[in-house]
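This report describes salt bridges, surface patches and a polar contact in one protein model. The sequence and structure are shown first, followed by the findings.

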Amino acid sequence: MDVEKEETLDLLGNRFIAPRKSPHHRLTAALSNSKLIARCRRKITSFFPFLHLRSDVKNVVYMNWVIESEKVRHLVPNGLELWEQNGMTLFTILTYRHGSFGPSFLGPFRRLFFSPLQSNWRLYLKSAPPNMPEGSTVLFLKNTMSSHLYALGTRVFSDVLATHLPRTFIHKQKDGSYETGISPGKGSAPKLKSFVKASDEKKIDAEFSKIFDSWEEVVEFLSFQDAAVSYTDRDAVFAFSQIQLPIDTATIQPLEMQPEKFSCPMLDDFAPVSEPLCYVIPKVEFLATSETLFRLK
């Protein structure tokens, strides 16, 4: 692995570091980072079709910013192209609660599965990777879940969700407002604090207006995604997953951020040029339909 790629992975922090130093957290880290387990799982699953995963997601809070492309271009793997307009691109943090996240084929028995919190931090790609199905594609920078079991499970059984486990994770809704807090402790999860409240104004600031004609156009672009790409533990090998998100746009509600209650060190590094554009999707049925490894030259 070259020096530039090592620096990128260090910045992303996609190697799992436990939030505490207890024995079972150290065991989780060892299993999550095991290349042997990953190789065995990939070999075994290559003989079987992908197990579709479903979740009845709710309270999906999107926070979005316009940033200069050069601030994040080094995070995009060689061979993939960052989506940009006039030297600007978009960065999104979305946080939500799962609803019985588990195998789709279980039907009503999926209710036996838990409903952890999750937060995805992502950039947008101009197109899907070479030889992959076409569609709107994002690049995952960070994935965080509140459940120890799910964090370990996604690490051991998946490539596309390199999930991190925070020390504490809250995502609370009250009277149309949403409070989110992610504290990494000693681990590799990102740090976030935010508070957004309901708003009646569907407006975009000057920087978003340079790229999109309306609030509705921005929201449609940000919300309707077909696939995601993620780093793996192997140089030049990446994971590609197709997803389905049948969102009812009529349910999307604008939100207003309270800046005095917001902090995010990663975003500070990106130095956004816009005000945050925030909204919530009250509920949506999420379905992951594929996961494929691909190599870039």
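## Surface patches

The model is predicted. Arg20, Lys21, Arg26, Arg167 and Lys186 together form a positive patch on the surface. Arg26, one of these residues, belongs to helix H2, which spans residues 23–32. With a relative accessible area of 48%, Arg26 is classed as partly exposed, because exposed requires over 50%.

A nonpolar patch of about 390 Å² is also present on the surface, made by Ile44, Phe47 and Phe48. Phe48 is located in the loop that runs between helix H3 (35–45) and strand E1 (53–68). The relative accessibility of Phe48 is 58%, so this residue counts as exposed.

## Salt bridges between separate elements

The structure contains 12 salt bridges. In one of them, Asp159 pairs with Arg41, and the closest N and O atoms are 2.7 Å apart. This pair links distant parts of the chain, 118 residues apart: Arg41 lies in helix H3, and Asp159 in the loop between helix H4 (148–157) and strand E6 (163–164). Both Asp159 and Arg41 are buried.

Another salt bridge joins the side chains of Arg110 and Asp56, with an N to O distance of 3.3 Å. Arg110 is in the loop between strand E3 (102–103) and E4, while Asp56 is in strand E1, so the pair ties together parts that are 54 residues apart in sequence. Arg110 has a relative accessible area of 8% and is therefore buried, whereas Asp56, at 37%, is partly exposed.

## A salt bridge within one loop and a network

Glu84 and Arg73 meet through their side chains in a salt bridge of 2.9 Å, N to O. Glu84 and Arg73 are 11 residues apart, and each is placed in the loop between E1 and strand E2 (88–97). Glu84 is partly exposed, with a relative accessible area of 28%. Arg73 is likewise partly exposed, its value being 30%.

Salt bridges with shared partners also connect Lys35, Arg41, Arg42, Asp159 and Asp233 into one network. The Asp159 and Arg41 pair described above thus has both of its residues among the members of this network.

## A polar contact at a buried residue

Asn120 is located in strand E4, which covers residues 117–124. The relative accessible area of Asn120 is 6%, so this residue is buried. The side chain of Asn120 is joined to that of Gln118 by a polar contact of 2.9 Å.

Note on methods. Residues are numbered from 1 along each chain as its sequence is written. This is a predicted model: local features need pLDDT of at least 70, side-chain atom pairs count only at pLDDT 80 or more; totals for chains, interfaces and linings use all residues. Side-chain values use heavy atoms; hydrogens and water are left out. Patches are made of residues with over 30% relative accessible area and no salt bridge: like charges are joined within 9 Å, nonpolar side chains (Val, Leu, Ile, Met, Phe, Trp, Tyr) within 5 Å. Accessible areas come from the Shrake-Rupley method with a 1.4 Å probe; for residues, only the protein chains shown count as cover. A salt bridge is a side-chain nitrogen of Lys or Arg within 4 Å of a carboxyl oxygen of Asp or Glu. Lys and Arg count as positive and Asp and Glu as negative; His and the chain ends are not counted. The place of a charge is taken as NZ of Lys, CZ of Arg, CG of Asp or CD of Glu. Helices (H or I, at least four residues) and strands (E, at least two) are DSSP runs, numbered from the N terminus. Buried means under 20% relative accessible area, exposed over 50%, partly exposed in between (1.4 Å probe, protein chains only). A polar contact is a pair of N or O atoms within 3.5 Å; within protein, one must be able to donate a hydrogen and the other to accept it, and residues adjacent in sequence count only if both atoms are side-chain atoms.
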